[in-house]
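User: I am new to this structure and would like to understand how its terms are applied. Could we go through them with care?

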Amino acid sequence: NSILSSVLPAPEDPILSVYYACRDDPSPVKLNLTAGTYQSEEGKPHVLEVVRRAEQQLANDLSWNKEYLPLNGLADFNKLSAKLILGDDSLAVKENRVVTFQCLSGTGSLRVGAEFLAQHHQQRVIFVPNPTWGNHPNIFNMAGLSVEHYRYYDPETRGLDFKGLLEDLGAAPSGAIVVLQACAHNPTGVDPTFEQWEKIRKIVRSKSLLPFFDNAYQGFASGDIDSDAQAVRMFVADGDECLIALSYGKNMGLYGERVGSLTIVCKSEDVAKKVESQVLLVVRAMYLTPPIHGAAIVTTILKNSDMYKDWTIELKGMVDRILSMRQELYEALQARGTPGDWSHIIKQIGMFSFTGLNEKQVRLMAKEHHIYMTYDGRISIGGLSSKTVPRLADAIHAVVT
Ligand code: PMP
């Protein structure tokens with residue numbers, strides 16, 4: 001008699017099923033453009049040189065030990081992470097109304113924030129963009145929030161559906177939580193302009209919505225840490241509340257180290273203290289304390305001005321390589337006379353391109369050309385190289401003609 005035999009299989013995850021299909025494809029020329037990780041020009045996982053240096057320094061530093069961190073993680077890490085997103089001279093930080101928790105990368109930070117909101121916020125509705133990163137609904141549903149969508153992308157213009165976005169946020173119930181991707185929107189590669197952000201801020205504040213920023217790609221949109229933080233800083237500058245989940249997965253290439261932070265900006269020091277005490281209860285019940293290694297790497301880099309500078313140079317290098325891959329792919333399609341306007345490939349921002357290929361074409365790309373992408377037609381530009389661009393362009397040309 002089995003207690004567990006009545007468990008039903010989970011529904012297939014569309015992203016993972018493409019990933020497995022690629023893994024099981026024996027073709028020597030297969031190309032995996034599904035995952036949002038930056039690869040080197042040789043198509044290999046890329047570890048930043050400054051990360052290697054920080055790890056060497058840590059290995060030689062005998063003052064480190066393996067005791068538990070505090071529930072909220074490394075204190076210096078939290079201070080430096082708040083500074084990274086809010087800026088050097090943030091008034092909210094000076095006024096002690098910001099609390100930061102070292103969490104398990106972007107996902108863990110979103111989950112801890114969601115769990116806290118599900119327990120303490122009256123309005124349990126959370127709005128995410130349509131489309132958005134596929135894991136957002138899972139994270140928020142699991143925490144007990146009810147997920148709704150706001151219009152974001154217009155397939156006709158391959159740009160932002162700004163009117164739809166404002167209408168949907170304007171019609172959201174007062175107090176609803178709204179997830180805003182801080183920059184380099186996944187999967188569309190389409191971000192609001194700063195003027196549009198200001199209009200979004202006004203509507204969010206006038207409707208008393210609670211902004212929850214997902215900041216998974218800081219630095220990956222423009223190549224500059226501060227420019228990419230601008231939208232978040234506009235909201236923080238008005239003195240009102242918000243939550244921010246920050247990931248070091250992409251901008252430091254620390255995907256598997258699971259290092260990130262949840263920052264909560266409150267209206268007063270008193271509120272911040274109460275919020276902190278409740279988030280610590282959530283953390284304690286979920287995993288007690290966060291892991292040391294990734295946070296130690298990040299702290300070593302952010303603390304040291306030479307290493308910080310070297311990091312920003314390497315980050316800019318990754319962004320520039322992605323930009324040149326966009327350009328090469330666009331030019332390769334132009335050279336083949338591939339029907340359609342492909343300028344969105346060079347206009348879109350960040351790690352991904354939303355190609356506009358439909359599911360049937362995506363399946364053909366896999367079956368006939370051994371090139372894998374998500375069913376919504378999203379490719380990871382960070383997974384391309386000058387060697388693989390011509391094959392990708394040939395395959396796109398073949399499936400659209
Ligand atoms: N948010 C968005 C928009 C993402 O694209 C990702 C990674 N794909 C994450 C959060 C979380 O990434 P991680 O947990 O690895 O930091």
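Analyst: What follows is a set of questions on the sheet and the ligand shell.

Analyst: The model is predicted, with local features requiring pLDDT of at least 70 and side-chain atom pairs counting only at pLDDT 80 or more, while totals for chains, interfaces and linings use all residues. Residues are numbered from 1 along each chain as its sequence is written.

User: How do you know that S3 and S4 pair?

Analyst: Two strands pair if DSSP finds at least two bridges between them, and strands are DSSP runs (E, at least two residues) numbered from the N terminus, as are helices (H or I, at least four). Strand S3 (residues 125–130) and strand S4 (residues 146–151) share 6 bridges in the parallel sense, so they count as paired. Asn130 stands opposite Arg151 in S4.

User: Why is the unit of S3, helix H6 and S4 called right-handed?

Analyst: A crossover is right-handed if, with the strands pointing away from the viewer, the path from the first strand over the helix to the second runs clockwise. S3, helix H6 (residues 135–142) and S4 make a β-α-β unit of this hand, and the name therefore applies.

User: What makes S4 an edge strand?

Analyst: The open sheet has 7 strands in the order S2-S10-S9-S8-S7-S3-S4, with mixed pairing. Strand S2 (98–103) and S4 are its edge strands, as each pairs on one side only.

User: Which residues of the shell are closest to the ligand?

Analyst: Of the 13 residues that surround the ligand (C-beta atom, placed from the backbone, within 6 Å), the closest are Ser105, Gly106, Thr107, Ala216 and Ser247. Helix H5 (residues 105–120) gives the most to this shell, with 3 residues.
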